[in-house]
Amino acid sequence: MATANKTCSLGRRIYRFAASVSGVIALLIILWGCTANDFNAGAIAWKTYTNSRYGFEFPYPSNWTPLAAPANDDGIAFISSQDNSVEIRGWASHQLPNSIVTDQESVKKIKPNFQTTQGVSGVVVVEVDRQVGSMTLTLTQGQVKYYLRGRSNSQKFQDYYRLFYYIAQQYRITKS
């Protein structure tokens, strides 16, 4: 019985390792084809969303549909006219002071890995699982955190990554 449990446990470990490796390999293959350098923004008609409450703006394709804005006016989401499972969402929120935050992981700083054309540094996180792919930009200015997230189903993420990346580059903070 002990040998069967060890074998089963080893089998589960091998499966988890293979699944995690295949997930990483799949992500690398997807992102390999997702270089943002060859994106042709000039081929798209653009509009600009402006948020007066938090003072930020970002471009979005003019044929995308805005979803109802939340009552607190913290941001908005747009969905693709070609596929309503593809969305761009931008929002902001005030940070809690560090003295209120008790979870040390929340306080932990992540080093910036991205810079907007405005020169604001931030963090971009790309996540792709079997169902959904997303790219999230987080910028921090004073006590405000600004966010931009592009999402699609994971099979189409490679097609939309360049668009999401371009919009993140163009994200602007208009209040100082």
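Two strands are taken to pair if DSSP finds at least two bridges between them, and the legends below apply this to a predicted model.

**View 1. The open sheet and its strand order.** Seven strands form an open sheet in the order S3-S4-S5-S9-S8-S7-S6, with antiparallel pairing. Its edges are strand S3 (65-66) and strand S6 (114-115), each of which pairs on one side only.

**View 2. The pairing of S7 with S8.** Strand S7, residues 121-128, runs antiparallel to strand S8, residues 132-141, and seven bridges join the two. Within this pairing, Val123 has Thr138 of S8 as its bridge partner, and the hairpin that leads from S7 to S8 passes through three residues.

**View 3. The pairing of S8 with S9.** On the way along the sheet order, S8 is followed by its antiparallel neighbour S9, residues 144-153, to which ten bridges join S8. Ser134 stands opposite Arg151 in S9, while in the hairpin of S8 and S9, with two residues between the strands, Gly142 adopts a positive phi near 60°.

**View 4. The edge strand S3 and its partner S4.** Strand S4, residues 75-79, is joined to S3 by two bridges, and these strands run antiparallel. Here the bridge partner of Thr65 is Ile79 in S4.

**View 5. Helix H3 on the sheet.** Helix H3, residues 157-170, packs on the sheet, where H3 touches strand S5 (87-94) together with S6, S7, S8 and S9. The direction of H3 makes about 10° with that of S8.

Terms used
Residues are numbered from 1 along each chain as its sequence is written. This is a predicted model: local features need pLDDT of at least 70, side-chain atom pairs count only at pLDDT 80 or more; totals for chains, interfaces and linings use all residues. Side-chain values use heavy atoms; hydrogens and water are left out. Helices (H or I, at least four residues) and strands (E, at least two) are DSSP runs, numbered from the N terminus. Contact means heavy atoms within 4.5 Å. Axes are lines fitted to C-alpha atoms, for helices over the stretch in contact, and angles run from 0 to 180 degrees between N-to-C directions.
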